[in-house]
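Let's take a friendly walk through this model together. Please keep the sequence and the 3D view open as you read.

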Amino acid sequence: MTENLPDTNVGNIEYTSKEDASDAVIKYLQLDYAYAWGVREAINSLPSADVAPVVHSRWVLGGYDDMYYVCEKCRHKQSEYYVKPTANFCPNCGAKMDKGD
Ligand SMILES: [Zn+2]
């Protein structure tokens, strides 16, 4: 009975805020106040996706005497002395460790 299941193979979906989308349309079309208000109303009437913004971070030396790697964002301490974690996300705050060195 898989024919009634939703299609979960939706590929890469990009999200933006309604405010940013509205601003882009209003700026592109150079709309006056009344039309800009209409664009904002139309875009705000669309359903919202339940998504969290992606937080970016990296492992940096920190903690006591800079002997441990910590998440730059939340300072969560990882691993042993001077061993840089290989995890690509912070287990404490969920930040993606893709900010680079
Ligand atoms: Zn963190």
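Two strands pair if DSSP finds at least two bridges between them. With that in hand, β1 and β2 qualify as a pair, since they are joined in the antiparallel sense over 4 bridges. Please bear in mind that this is a predicted model.

## Overall layout

The protein chain holds 2 helices and 3 strands. Following the sequence, these elements come in the pattern α-α-β-β-β. Of the 101 residues, 8% count as buried. If you take contacts between residues at least 6 apart in sequence, 30% of them join residues at least 24 apart.

## The sheet

The 3 strands make an open sheet, ordered β1-β2-β3, with antiparallel pairing. β1 and β3 are its edge strands, each pairing on one side only.

Now zoom in on β1 and β2. Among their facing residues, V60 stands opposite V70 in β2, while L61 has Y69 in β2 as its bridge partner. The two strands form a hairpin with 5 residues between them. In that turn, G63 has a positive phi of about 65°.

The loop of this hairpin, between β1 (59-62) and β2 (68-71), also contains D66. D66 is another residue to check on your Ramachandran plot: its phi is near 55°, a positive value in a residue other than glycine. For context, most residues other than glycine have a negative phi. Is D66 buried or exposed? D66 is exposed, because it has 11 other C-beta atoms within 10 Å, and a residue with 12 or fewer counts as exposed.

## The nonpolar core

Which residues make up the largest nonpolar core? There are 7 of them: W59, Y68, Y69, V70, C71, C90 and A95. β2 gives the most to this core, with 4 residues.

Y69 is a good residue to select in your viewer. Leaving out residues up to four places away in sequence, Y69 touches W59, V60, L61, Q78, S79, K84 and P85. One of these contacts, L61, is also the bridge partner of Y69, and another, W59, belongs to the core as well.

## Helix α1 and its surroundings

How well does the length of α1 agree with its residue count? At 1.5 Å a residue, the 12 residues of α1 should span 16 Å, and the end C-alpha atoms are 17 Å apart, so the two agree. Just after α1 comes Q30, with a positive phi near 50°.

Within α1 (residues 18-29) you will find S22. S22 has 19 other C-beta atoms within 10 Å and is therefore partly exposed; a buried residue would need 20 or more. Beyond its neighbours within four places in sequence, S22 is in contact with V39, R40 and I43. You can also check the distance from S22 to E41: they are 19 residues apart in sequence, and their C-alpha atoms are 9.1 Å apart in space.

## After the last strand

Y82 sits in the segment after β3 (77-78). Its phi is near 55°, a positive value in a residue other than glycine. Why does Y82 count as exposed? Y82 has 10 C-beta neighbours inside 10 Å, so it is classed as exposed.

Note on methods:
Residues are numbered from 1 along each chain as its sequence is written. This is a predicted model: local features need pLDDT of at least 70, side-chain atom pairs count only at pLDDT 80 or more; totals for chains, interfaces and linings use all residues. Two residues are in contact if their C-beta atoms, placed from the backbone, lie within 7 Å. A nonpolar core is a set of buried Ala, Val, Leu, Ile, Met, Phe, Trp, Tyr and Cys residues joined through C-beta atoms within 7 Å. The expected span of a helix is 1.5 Å times one less than its number of residues.
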